[in-house]
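Q: I've got a model open and I'm not sure how to read it. Could you walk me through some features, one at a time?

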Amino acid sequence: MAEPIFACTMKDLQQNGDRKRMTIDGKDIFILLHKGQLDSFCYHAGGPLYLGDIKDTSEYSCFVCPWHKYKLTVQSGEGLYYSVNPQDLKSPPQLCSKGAKQRTHVVTRREDRLYITFSYTVKPLGTVESDHYNGLLIK
């Protein structure tokens, strides 16, 4: 497993509205104080995910892309959508998964300093769609 890389201090993060965008090892990422960290650009069309809003569902904390309103879980980068059963329009929409679409990374805190370990160094999962916009092309 790769060594964690220093990202920023808690003070730096808090001074930036609880999120901070940065480039580490050529990778454009942002860190959140809200349960996670993601690549900076949305998998769908490269939208500025780091400018999106956080929306909590009953099960997940999601980042909402400001361009097309795609919802991505902060914890795993899983794409979510609401589905309606066309044979039963009276039933409420169900939250469904598209699978992992956005790469997430591990952030650890040591005193006031935050370190990142890129997910592809911990558990290689091949490519995910966000890699195209976020400076990572795994061969």
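**Reading strands, contacts and rings**

A: Sure, let's start with one residue: leaving out residues up to four places away in sequence, R109 touches M10 and L114. Keep in mind that this is a predicted model.

Q: Where is R109 found, and is R109 buried or exposed?
A: R109 is found in strand β10. Its relative accessibility is 52%, and the cut-off for exposed is over 50%, so R109 counts as exposed.

Q: What does the side chain of R109 reach with a polar atom?
A: Look for the backbone oxygen of E111, which lies 2.8 Å from a polar atom of the R109 side chain. You can also check how the chain folds back here: R109 and T9 are 100 residues apart along the chain, and their C-alpha atoms are separated by 8.9 Å.

Q: How do I read the sheet that β10 belongs to?
A: The general idea is that strands of a sheet pair through backbone hydrogen bonds, either parallel or antiparallel. In this case you have an open sheet of 3 strands in the order β1-β11-β10, with antiparallel pairing. β1 (5–9) and β10 (106–110) stand at the edges with a single partner strand each, so one side of each has no neighbour in the sheet. On average, neighbouring strands of this sheet are turned by 35 degrees against each other, ignoring direction.

Q: How many bridges pair β10 with β11?
A: There are 5, and the pairing of β10 with β11 (residues 113–117) is antiparallel. To see one opposite pair, find V107 and look across to I116 in β11.

Q: Which strands form a hairpin with 2 residues between them?
A: That's β2 and β3, and D25 in their turn has a positive phi of about 50 degrees. β2 (residues 19–24) and β3 (residues 27–32) pair in the antiparallel sense over 6 bridges. M22 stands opposite I29 in β3.

Q: What should I look for on the two faces of a strand?
A: In a regular strand the side chains alternate between the two faces of the sheet. Try β6 (residues 61–64): S61 and F63 are on one side, C62 and V64 are on the other, and all of them are buried, leaving both faces covered.

Q: Which strands pair with β6?
A: One is β5 (residues 53–56), which pairs with β6 in the antiparallel sense over 4 bridges. Here D56 has S61 in β6 as its bridge partner, and a hairpin joins the two strands through 4 residues. Another is β7 (residues 71–73), joined to β6 by 3 bridges and also running antiparallel. F63 has L72 in β7 as its bridge partner. The hairpin of β6 and β7 has 6 residues between the strands, and K69 there takes a positive phi near 65 degrees.

Q: How many aromatic pairs are there in the whole structure?
A: A search finds 3. A pair of aromatic rings is described by the distance of the centres and the angle of the planes. F6 and Y115 make an edge-to-face pair, with 5.8 Å centre to centre and 70 degrees between the planes. F6 lies in β1 and Y115 in β11, so this pair ties together parts that are 109 residues apart in sequence. At 33% relative accessibility F6 is partly exposed, whereas Y115 is buried at 13%.

Q: Which other rings form an edge-to-face pair?
A: Take Y43 and Y70: their centres are 5.7 Å apart, with 65 degrees between the planes. Y43 is in the loop between β4 (36–39) and β5, Y70 is in the loop between β6 and β7, and the two are 27 residues apart. Y43 is buried, with a relative accessible area of 7%, while Y70 is partly exposed at 24%.

Q: Which residues lie over the faces of F6 and Y115?
A: R113 lies over the face of F6, at 3.9 Å from the ring centre. R110 lies over the face of Y115, at 4.5 Å from the ring centre.

Q: Let's finish with S130: is S130 buried or exposed?
A: S130 is buried, with a relative accessible area of 0%. You'll find S130 in the segment after α2 (119–122). Leaving aside neighbours within four places in sequence, S130 is in contact with several residues, including D39, F41 and Y43. The S130 side chain also reaches the backbone nitrogen of R103 at 2.9 Å.

Definitions and conventions. Residues numbered from 1 in each chain as written. Predicted model: local features only at pLDDT ≥ 70, side-chain atom pairs only at ≥ 80, totals over all residues. Heavy atoms only, no water. Buried < 20%, exposed > 50% of the residue type's maximum accessible area, 1.4 Å probe, protein only. Polar contact = N/O pair within 3.5 Å; in protein donor to acceptor, adjacent residues only side chain to side chain. Contact = heavy atoms within 4.5 Å. Pairing = 2+ DSSP bridges. Axes fitted to C-alpha atoms, helices over the stretch in contact; angles between N-to-C directions. Phe/Tyr/Trp six-rings, centres within 6.5 Å; stacked < 30°, edge-to-face > 60°. Lys NZ or Arg CZ within 6 Å of the ring centre and 35° of its normal.
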